Each structure stands twice: as C-alpha cells, then as structure tokens.
Amino acid sequence: MFVEPVYSSLITLLIIVVACAELCDAVTVVDVYRLVQYDLGGVPLGSRLAALNHHAGSSLYLSSAGAAADLSRTVLILPVRELNLTFIRDYIGQRKPLGGLLLLLPPVFSPQHSDSGGGADQDSAKDLVKEVLIEVERLLIHANIPYPVYFGFEDEAVHAMLGDVKKNDITGQPATATTGGYKLVAAAPEPRKVASPAIINIQGWLPGLKADGDSNKLPTIAIVASYDTFGAAPALSVGSDSNGSGVVALLEIARLFSILYSNPKTRGRYNLLFVLTSGGPYNYNGTHKWLRSMDQRLRETIDYAICLNSIGSSSNELWLHVSKPPENAYIKQIFEGFSTVSEELGLKVGLKHKKINISNPRESQMLSFICLALRTGYVPICMVAWEHEQFSRLRVTAATLSELSVAPDFLESTGGLSDNRNFINEASISRSVKLVAESLARHIYGQQGKSIDIFADHSSLSINPSYIRSWVEFLSTTPRVAPFLSKNDPLIVALKKELADHTVEVNVQQELLDGMFTFYDSTSGRLHIYQVASVTFDLILLLVLASYLIVLFSFLVILTRGLDDLISLFRRPSSRKVKTA
Amino acid sequence: MTMFHFLNCAILTFGPHAVYYSATPLSIILTSFLQQIRLVCLATFLKVSESDSFDPYQVLFVQSLSGIVESFDWVRRCCGLYFALTQLTHRNISQNHKFQAVGLGWAFADSVLHRLAPLWVGARGLEFTWDFVLQGLEANANLVLCLSLAALGSLIWLRKNKPKTLIPIIYACAGIVATMPSITSYLKRGLGWHFPKVVGFELFTSLVMAFISWQLFTACQRPSN
C-alpha cells in the first residue's frame with residue numbers, strides 16, 4: 001500500500017540502530033603520568049614529547065602484522081603485567097618509531113591505593129611485576145625517546161578498551177581513519193625547561209647542655225637524610241622506601257631527642273643537628289652544597305654524622321657503610337655501639353667499607369658521560385655512592401645506615417615507580433629508629449656497654465607508631481622530585497614546621513641544582529579515549545540517508561501529484577527535444 | 001570526518017522537511033514559517049516559565065505536579081496550532097494545503113530550535129555516539145506527528161460539516177497526538193526506557209496516528225465532494 005516504501009526503509013533503519021546501539025560508548029578520561037624528560041650534561045634523555053593524538057594499538061597487532069608494521073601513528077598500550085622485556089629492549093634500543101607508548105600499571109603501584117593484604121601468591125605476583133617494572137624503568141630513564149611515553153593505571157574502562165583494541169588487532173587491520181577503533185588524545189602543552197631548579201636543605205639545631213663558658217666547644221652529632229626522589233614518572237615518584245623511610249626515621253628521632261633535651265637535667269653534652277637534604281639522586285648535591293656553605297668551625301665540631309637511606313623494607317639485616325677503614329678506633333666504637341643495640345633488638349648489622357676515590361668514576365657507564373662532560377667543558381665531578389662520602393671527602397667521620405648492601409647505581413633506587421606504600425613495612429622503620437636512637441643516646445650519655453633501655457616501650461620515650469604511620473602516609477602520597485619543588489611547596493613547609501617543633505633553630509638553605517641537570521615540566525595529564533567511527537561508516541550512512549530521502553520524495557510526489565508527474569520529472573529533457581523536433 | 005557525521009545527522013533531521021516542501025506544492029510555506037517560529041518561541045518560553053514557577057511545589061508533590069506541568073504542554077501546542085491555522089488568511093489556499101503548510105512549518109521550526117544547537121555542538125566532536133542519528137529519527141517522527149495534528153486541528157476548527165459519528169474519534173486522536181511529547185518524556189523518565197526504544201516507539205506511533213488521521217481526513221472530505 002502507500003505506506004509500505006517509507007515504512008519498510010524506516011524499519012530497516014530502526015533494526016540497524018537497535019542492533020548496533022550497544023556499540024556506543026561515552027568518552028573515557030584517564031589520569032596519566034608522563035615519563036621524565038631531562039638533559040644530563042646536554043644529552044637529551046627520557047621522553048621528548050608530551051602531546052598525544054593517535055590511534056590505539058596493542059601488542060597483538062605486532063605479532064599479527066609482523067616486523068613490517070608501521071607504528072609511527074599508533075599508540076601502543078602495554079600492560080606491565082604481560083610485558084615482554086626483550087620486545088621493549090629491542091624497540092627502545094633500536095629506536096624504532098612509534099606514535100606513543102602507554103604503559104599500564106597494576107593498581108597496587110598507585111600512591112592512592114592501599115593494599116588490603118592478600119595471600120602469598122599475590123605477593124609473589126607483585127614481586128614479579130616489581131622486577132619487570134624496575135627493569136623497564138631503568139631502560140626508559142637512560143634512553144632518548146622521541147615520542148610521548150605515559151604511565152597509567154589499569155581500571156575497568158581501560159580494560160574494556162584494551163580488550164576491544166586487541167579484538168581488532170587480531171584480524172591484523174591497523175586502526176586508522178578508515179577502520180574506526182579508538183583514538184587516544186592527551187592535550188599537553190609543549191614541555192618547557194624548569195627555570196631554576198632549586199635544592200632546598202632544611203636543618204634543625206638542637207643545642208646540648210653547655211657547661212659554664214665553653215658553649216662553642218660542644219661536639220655535634222649530625223643525623224642526615226635526603227628527602228627528594230627521582231623516578232621514571234616524576235608525578236608518581238613518592239619514594240616510600242628511598243628515602244621516605246629515612247625522613248620519617250629522622251623526624252621520629254628528632255621528636256624523641258627533643259623530649260630528652262627539653263629538660264636541662266636530661267640534656268646531653270652533644271649538640272644535635274638534623275638535616276633533611278635535597279638533591280639525593282643527583283650525587284647528593286644538596287649535602288655537598290650544605291657542607292660547603294657550613295661554617296668551618298662548626299664543621300670541625302662534628303663528631304660524626306649518620307646518614308639514613310632506605311630502612312623501610314622488612315628484612316632483619318641492616319648495613320653500616322663507612323669510608324674510613326674498619327680498623328679505625330672511632331669506627332670500631334660506633335659499630336660496636338650499633339651491634340650491641342641491634343642484638344638486643346634481634347637485628348643484624350654488618351659493616352661495609354668502601355674507599356672513596358676522587359680520581360676514577362665509580363660506574364663504567366659514566367665514563368662516556370665524563371668524556372662528554374670534558375668535551376662540553378663541564379668540570380667532571382666526583383661521583384659518590386653514599387651520602388656519607390660527601391662528609392668523608394671533607395674529613396668528617398660519617399656512616400650510612402641502609403638495608404641495601406651494595407651501593408645503588410646512578411639514578412637507581414631513588415624512589416621509582418615500584419617504590420610505594422605497599423612495599424614498605426612500618427615495623428622495620430620503628431626498629432631502625434630504635435636502633436639509631438638507642439645507639440646515639442648511649443653514646444651521648446656515656447652508657448655504652450650498659451644494658452639500659454632508654455627508649456623503652458610503654459615509656460614516655462617510646463617510639464610512636466602512629467606518628468611514623470602518619471608521616472609514611474603523607475610522604476607516600478607526595479611526589480618529591482626536587483626541581484619541581486619550590487620553597488613554598490606544602491611539603492617543604494610541612495617538613496620545616498615539623499623540625500621547628502622538635503628543634504630550637506631551623507634554617508632553610510636554597511641553592512640551585514648543578515648545571516649538569518636540566519628538567520622539563522608537563523609531568524602529568526589527562527588522556528581522553530574516544531571511540532571513533534570510520535569513514536566507511538559515514539559513507540554508508542550517507543548512502544542510506546540519500547536513498548531514504550529519494551524514496552520519501554518519490555512517495556510524496558506520487559501521493560500528491562500522481563505517478564505521471566514523477567515520471568515527467570525525469571523525462572523532461574527528452575520531451576523538450578520531442579517538442580522542438 | 002566528524003563534520004561528515006554532523007552533515008549526515010543534519011540531513012536526517014532536516015532533509016525530510018525540505019523534501020516534503022519540494023515534493024508538494026506549498027509555496028506559501030515561507031510566510032507561514034516565520035509565523036511558526038514566533039509561535040514556537042513563545043511556546044518554548046512559556047514552558048520554561050511554567051516549570052520555574054512550579055519548582056518549590058515539586059519538592060512536595062514531585063511526580064504528580066511535574067506530570068501536570070507536562071500535560072500543559074498539549075494545551076500550548078493546541079493553542080499554537082489553533083492560532084496558526086486560523087491566522088493563516090493568505091490568498092485562497094485549499095484546506096488540504098493549509099494544514100500541510102502549518103504542520104510542516106511547525107515541525108521545521110521545532111526541529112531547528114530544539115535540535116540544531118545540540119547537533120552543532122555535539123555531532124562535530126571526535127567521539128562517536130548514536131545519539132544524533134536517533135535525534136534525527138525523532139525529528140522525522142515529530143514531522144509526521146505535527147502533520148497529523150495539523151490535519152486533525154484543521155478538521156476540528158476549519159471544517160464545519162463533519163459527520164457526527166467521527167467527531168469523538170477526531171477529538172480523541174487529536175488528544176493523543178497532542179500529548180505525545182508528554183507520553184514520551186514519561187517513558188524516558190518514569191519508566192526509564194533507553195533512547196533507541198523511545199525513538200522506535202515514537203516512529204511507530206507517529207505512523208499509526210498519521211494513518212488514522214489520513215483516514216479521518218478523507219472520510220470527512222467525502223460528504224463535501
């Protein structure tokens with residue numbers, strides 16, 4: 001009948017619509033964190049681009065399309081859980097072109113995620129991923145990558161998208177404008193150099209009990225910890241263990257000694273100096289500058305300095321690293337003090353000696369860097385392995401207490417992606433605090449060898465676990481890469497205030513980071529995931545619409561003017577010819 | 001590509017109006033079009049002020065009062081159409097063409113005012129959704145509904161000698177067609193139907209009502225012929 005043509009075409013459209021309606025998807029927005037971008041002695045390293053606007057692809061595309069795949073306009077989405085290390089090594093080592101790289105981390109590595117525990121197999125899986133992550137991080141930090149690299153966390157939306165992308169990739173078709181798929185857009189501004197990267201050292205001074213007349217001659221003991229971090233993603237570098245644990249321990253020790261020193265009857269005959277240094281990953285630059293700027297007379301009064309570095313993992317073994325030979329009487333005395341206390345606590349402390357050598361660089365991979373530095377005119381600096389070596393170079397006795405038995409490589413173990421709240425143990429920090437505080441106190445009050453528990457549990461001087469926990473939580477959610485911290489940063493203000501609460505005098509020293517390092521901003525952004533339809537779909541839709549309108553037109557003409565009129569519309573030119581002829 | 005999609009949806013939304021205009025001899029449409037725009041604007045602003053004034057009461061009588069507000073919708077549609085049909089006093093136009101002109105003008109003005117802006121803003125984006133295609137289909141259904149309502153309206157107000165038996169049917173159909181927007185919004189919000197389902201329902205009912213009003217119109221024309 002007369003309604004049939006229109007009705008049937010509408011019904012077909014309706015069927016198509018209903019059948020494909022479940023394909024529609026809203027825009028997904030994910031928080032992503034960019035790989036660090038920095039120059040080391042003029043050599044560009046890290047990811048050099050920030051803006052991203054390409055189609056999504058997965059690792060399956062490569063396996064189906066083979067080595068000839070052109071991925072320069074594709075963003076590869078790789079979950080770290082299923083990452084193939086050799087593939088990544090090849091890709092980055094051979095500098096193959098890529099539109100972008102998005103690495104998906106399991107949620108346990110997110111600073112906001114609090115691990116609810118889980119069984120032993122979950123832990124081993126976590127450790128496996130941690131190993132892979134450390135390796136990937138090392139690869140990415142030391143390579144020059146000409147495309148954007150972002151880190152994101154797995155969640156349901158991203159999982160669904162990745163599943164779809166994998167389904168498309170299995171068929172071997174590249175996701176381009178003609179075949180639809182997903183498009184990833186991260187609108188980030190052009191990364192600019194951080195203008196004056198600052199190193200901010202915070203020191204707190206707790207004066208000892210002066211006997212009449214000889215106030216300046218009291219010996220000083222320094223407790224030092226570096227608080228800044230460096231990692232593959234500066235916005236995620238919270239460094240809970242390296243060196244958040246050191247900072248928390250320092251603050252707790254400061255708190256305990258401030259209680260002791262508040263009362264003149266229990267004030268020791270030593271000045272105490274608590275220093276939170278910056279520039280740790282960059283060869284302990286902050287410590288170096290702090291020592292240089294220090295008054296020489298004060299420096300000479302330093303009896304010894306103890307540096308805290310990574311004491312948060314749940315092992316029962318700690319190491320005391322020294323530069324002076326173990327046969328040195330003073331070193332022996334200090335080590336014995338530590339050993340006695342550690343035995344009481346059930347810990348094991350070993351002594352490790354490493355000579356500092358001013359002439360040779362400590363890493364062979366840094367030889368090329370030194371040659372470059374010589375070429376570009378930079379004065380080669382002495383590379384130090386531990387923080388105490390900066391003291392030792394100025395003939396100050398110092399030692400580093402750490403759970404690491406071997407010095408970490410340059411830019412390693414400085415608070416990377418895998419170093420967060422879920423991998424440290426507050427009990428270890430408490431134990432280390434007890435170890436250091438007890439050993440120091442026995443030394444200060446001359447109680448070595450006597451079995452006395454100054455910071456006993458359930459006393460007014462006991463270690464406060466909730467204090468430790470609250471600071472661990474604060475530090476584990478605050479990324480602390482030094483060039484991105486200004487003097488008014490909430491972190492610096494908080495640390496300064498805390499030290500001011502426990503010590504008598506606080507000084508903040510601000511210096512410029514060594515010229516060897518240049519950092520670039522744009523460390524995080526938002527990734528928009530769009531589901532895009534292909535050009536073929538639009539063409540098909542256009543054809544369908546055109547035919548619908550033609551049918552509608554013909555139907556209406558037939559209805560109102562009759563079938564003859566419709567035919568006459570098409571026959572007009574020929575009828576004119578007939579008329580003229 | 002996204003402009004392409006916008007173009008497709010625009011063709012779907014406004015194409016049928018253009019096709020209808022070119023297929024039927026409705027040259028007076030341009031003058032009536034401006035009238036329709038005026039009336040639709042008035043109706044839209046009336047609706048806005050109505051819902052505003054009812055807000056404090058909606059807290060107490062949520063569902064029922066909003067339902068009443070929505071049902072005032074058909075009152076303003078009927079009023080608008082009545083004025084349009086009776087005010088169209090240009091030249092000698094047959095009744096046949098008058099209702100078509102009014103219906104088409106009304107539907108086009110409605111589409112332009114309510115659908116052009118979301119289309120321009122949304123369909124040009126990168127993300128693909130079926131929403132705008134469905135909106136276009138809805139515009140088609142709206143066109144058919146407006147035409148049927150105009151036809152029934154012209155029967156009610158402009159034809160004086162109707163067969164007595166058909167009068168209640170005419171009024172009933174006019175009532176249903178006029179309250180169609182309220183019904184669809186109830187389905188969307190009250191029953192929570194998804195957009196494709198609602199559009200399907202609209203298309204189906206518009207065709208059914210068009211067929212019924214067609215039959216009524218031809219039935220009323222028979223005695224005068």
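Trainee: At 34% relative accessibility, what does F211(B) count as?
Mentor: Good place to begin, and keep in mind that this is a predicted model. A residue is buried under 20% and exposed over 50%. F211(B) has 34% relative accessibility, so the residue counts as partly exposed.

Trainee: Which residues make the nonpolar surface patch of about 310 Å²?
Mentor: F211(B) belongs to this patch, and F211(B) lies in helix α9 of chain B, residues 195-224. The patch of about 310 Å² is made by F204(B), V208(B), F211(B) and I212(B).

Trainee: Stepping back, how many helices does chain B have?
Mentor: From the N terminus on, every element in the run is written as α. The strand count of chain B is zero. The helix count of chain B is nine.

Trainee: What share of the 225 residues in chain B is buried?
Mentor: Look first at the outside: chain B has an accessible surface of about 10,800 Å², and 69% of that belongs to carbon and sulfur atoms. Of the 225 residues in chain B, the buried ones make up 48%.

Trainee: Moving to chain A, which strands are at the edges of the open sheet?
Mentor: Four strands form this sheet in the order β7-β3-β2-β18 of chain A, with mixed pairing. An edge strand here pairs on one side only, and the two that do are β7 (144-145) and β18 (517-519) of chain A.

Trainee: Which residue in β18(A) is the bridge partner of Y38(A)?
Mentor: Strand β2 of chain A covers residues 37-40, and three bridges join this strand to β18(A), with the two running antiparallel. For Y38(A), the bridge partner in β18(A) is F519(A).

Trainee: How are the planes of the aromatic pair Y282(A) and F517(A) set, with their centres 4.8 Å apart?
Mentor: A search over all chains finds 23 aromatic pairs. Y282(A) is buried at 1% relative accessible area, and F517(A) is buried at 9%. The planes of these two rings stand at 55°, so the pair is tilted.

Trainee: How many residues apart are Y282(A) and F517(A)?
Mentor: Both rings belong to one aromatic cluster, which also includes Y38(A) and F519(A). Y282(A) is in the loop between β12 (271-277) and α7 (285-293) of chain A, while F517(A) is in strand β18 of chain A. The pair links distant parts of the chain, with a separation in residues of 235.

Trainee: Which residues of α7(A) are buried?
Mentor: This helix comes right after the loop that holds Y282(A). The buried residues of α7(A) pack against β10, β12, α8, α11 and β17 of chain A. They are N285(A), G286(A), T287(A), K289(A), W290(A) and L291(A).

Trainee: Is strand β6 of chain A mostly covered or mostly uncovered?
Mentor: G100(A), L102(A) and L104(A) point one way from β6(A), while L101(A), L103(A) and L105(A) point the other way. Six of the six residues in strand β6 (residues 100-105) are buried, and the strand is mostly covered.

Trainee: In β6(A), which residue is the bridge partner of P79(A)?
Mentor: β6(A) pairs with strand β5 (residues 74-79) of chain A in the parallel sense, over five bridges. In β6(A), the bridge partner of P79(A) is L104(A).

Trainee: How many residues apart in sequence are the parts that R192(A) and D521(A) tie together?
Mentor: R192(A) and D521(A) form a salt bridge, their closest N and O atoms being 3.5 Å apart. At 59% relative accessibility R192(A) is exposed, whereas D521(A) is partly exposed at 21%. R192(A) lies in the loop between β9 and β10 of chain A and D521(A) in the loop between β18 and β19 of chain A, so the separation in residues is 329.

Trainee: In the salt bridge of R442(A) and E344(A), what is the N to O distance?
Mentor: R442(A) lies in helix α12 of chain A and E344(A) in helix α9 of chain A, so the pair ties together parts 98 residues apart in sequence. R442(A) counts as buried at 4% relative accessibility, while E344(A) is partly exposed at 47%. Their side chains meet at an N to O distance of 2.9 Å.

Trainee: Which residues are linked in a network of salt bridges?
Mentor: Over all chains, the structure holds 19 salt bridges. The residues linked in a network are R89(A), E135(A), R138(A) and E412(A).

Note on methods. Residues are numbered from 1 along each chain as its sequence is written. Chains are lettered from A and ligands numbered from 1 in the order in which they are written. This is a predicted model: local features need pLDDT of at least 70, side-chain atom pairs count only at pLDDT 80 or more; totals for chains, interfaces and linings use all residues. Side-chain values use heavy atoms; hydrogens and water are left out. Buried means under 20% relative accessible area, exposed over 50%, partly exposed in between (1.4 Å probe, protein chains only). Accessible areas come from the Shrake-Rupley method with a 1.4 Å probe; for residues, only the protein chains shown count as cover. Two strands pair if DSSP finds at least two bridges between them. Patches are made of residues with over 30% relative accessible area and no salt bridge: like charges are joined within 9 Å, nonpolar side chains (Val, Leu, Ile, Met, Phe, Trp, Tyr) within 5 Å. A salt bridge is a side-chain nitrogen of Lys or Arg within 4 Å of a carboxyl oxygen of Asp or Glu. Rings of Phe, Tyr and Trp (its six-membered ring) pair if their centres lie within 6.5 Å; planes under 30 degrees apart count as stacked, over 60 as edge-to-face and the rest as tilted. Contact means heavy atoms within 4.5 Å.
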